[in-house]
Structures are given as structure tokens and as C-alpha cells.
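The following note is offered to a colleague who is meeting this structure for the first time. Its points move from the overall form to local details of the backbone.

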Amino acid sequence: LSFSSTDFRIACGHFATGVAVLTAVSADGAPHGLTINSFVSLSLEPALVMAAIAHSSAQLPVFDTASSFAVNILTEQQQQLSALFARVTDNRFRETAWTPGKSGSPILAGALAVIECRVVRRFDEGDHRILIGEAVEAQVGEGKPLLYFRSGYGSIAG
Ligand SMILES: Cc1cc2nc3c(=O)[nH]c(=O)nc-3n(C[C@H](O)[C@H](O)[C@H](O)COP(=O)(O)O)c2cc1C
């Protein structure tokens, strides 16, 4: 290869994305979640989305057993939530206002949009587990998106 893994990561980091917190409940009913930017809107008919979770994530067992998950798309006001849900800590939901959605998955207060999904497929590729979800609820809130670009946060001007 003519490039290193760092080169690859840096090149991929030039694709600007939004930021979301992927949430689900564990078998004991406790809320769990992690910050992701691997969200993709995959299909309109049926309404499908995709997200990828690193095999190294401590949250993986929750998403392996949950029958549904929620994609909480963050606003530019929620950068601290993005940091909190990417930090290794067990008190992410203690510091966060949330309610259970129709599917039971945690909905974060103030999210820019929320898509609740039923898990339709899980498979591994490389060092990630890929989840495909069929949207069962979709709602939008207010605000501007939190952006992620070249390992840093940004927002839309104007
Ligand atoms: C902007 C941003 C995007 C991220 N995207 C992903 C992602 O798509 N998939 C993933 O597994 N981790 C992603 N992470 C990292 C996880 O949020 C983080 O590693 C994880 O929450 C660490 O704790 P855990 O082991 O409890 O999951 C992202 C982090 C940030 C800040």
C-alpha cells in the first residue's frame, strides 16, 4: 500500500458528516448509547438506515440484543453530548435529559431529528458491526446540525 492507516483515516475525515447518538435499551431496561458519524440513509422504499459500531465498543452487546435502536441527530448546541457519548463513562444518561421513544429506545431532549428503527440485519465487515434498521418513527426538531470534519466540530454558517 502507498498509504498508511493514518493517511486513510485522515482522507476519510475529509468527508464532512453530521453527528448522532445511537441509542438502545439493554435487556434489563437500562439506556445505552454512543456517538456515531457512520449513519447513512440507505433506502427510501422501504425506509432503511445504516450505522456501524466498532467491535471495540463496550456498547456492542446492547446493540446485539436490542430489537430496536434510535438515531438521535445532534444540533450544534449539543457538542457536549457528542463528547459525553464518546467518552468512556458509565453515567452518560445520568447527565442527559431523555425519554423512551415509541419503540422504547432513548430519545435525547433537543435532538435535531430522531429516527427510531427496528433492527433488520446485523453483519460484520472489517473491525465494525453494521446495523441495518427499518424506520418505524421519524420526527424533526429545531436548530442547525452539529458537523464533524477533519476530526473537529463545526456548524453551518449563516
Ligand atoms: C464525531 C464522532 C463520531 C464517531 N463515530 C463512531 C461510529 O460511527 N462508530 C463507532 O463505533 N464509534 C464512533 N465514535 C466513537 C465512539 O463514540 C466512542 O469510541 C465510544 O463511545 C467509546 O465508548 P464505548 O466503548 O462505551 O462505546 C465516534 C466518536 C465521535 C466523537
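1. In strand 3, His32 is the bridge partner of Ala24. This pair belongs to an antiparallel pairing of strand 2 (residues 20-25) with strand 3 (residues 31-36), which extends over 6 bridges. The model under discussion is a predicted one.

2. The hairpin formed by strand 2 and strand 3 has 5 residues between the strands. Within this hairpin, Gly29 adopts a positive phi near 90 degrees.

3. As to the whole, the protein contains 3 helices and 12 strands. Its C-alpha trace spans about 45 × 40 × 35 Å along the principal axes. The radius of gyration is 15 Å; a compact globule of 158 residues would have a value near 15 Å, so the two agree.

4. Contacts and burial may be taken together. Among contacts with a separation of 6 or more, 63% join residues that are 24 or more positions apart. Of the 158 residues, 37% count as buried.

5. The accessible surface of the protein amounts to about 9,000 Å², and carbon and sulfur atoms contribute 56% of this area. With regard to charge, the protein has 11 positive and 14 negative charges, and the mean positions of these two sets lie 3 Å apart.

6. The backbone has some local features that merit a reader's attention. Most peptide bonds are trans, and most residues other than glycine have a negative phi. Against that background, the bond joining Glu45 and Pro46 is a cis peptide bond, with omega about 0 degrees. Pro46 is located in the loop between strand 4 (40-43) and strand 5 (48-54).

7. Which residues lie in the loop between strand 11 and strand 12 with a positive phi, although they are not glycine? One is Arg150, whose phi is near 50 degrees; Arg150 is placed between strand 11 (146-149) and strand 12 (152-155). Another is Ser151, with a positive phi of about 65 degrees, and Ser151 also lies in the loop between strand 11 and strand 12.

8. Are these two loop residues buried or exposed? The cut-off for exposed is a relative accessible area over 50%. Arg150 has a relative accessible area of 56% and therefore counts as exposed. Ser151 has a value of 62%, so Ser151 is exposed as well.

Key
Residues numbered from 1 in each chain as written. Predicted model: local features only at pLDDT ≥ 70, side-chain atom pairs only at ≥ 80, totals over all residues. Heavy atoms only, no water. Pairing = 2+ DSSP bridges. Helix = DSSP H or I, 4+ residues; strand = E, 2+ residues; numbered from the N terminus. Buried < 20%, exposed > 50% of the residue type's maximum accessible area, 1.4 Å probe, protein only. Rg over C-alpha atoms; globule rule 2.2 N^0.38 Å. Contact = heavy atoms within 4.5 Å. Areas by Shrake-Rupley, 256 points an atom, 1.4 Å probe, with all protein chains shown as cover. Lys, Arg positive; Asp, Glu negative; His and termini not counted. Charge placed at Lys NZ, Arg CZ, Asp CG, Glu CD.
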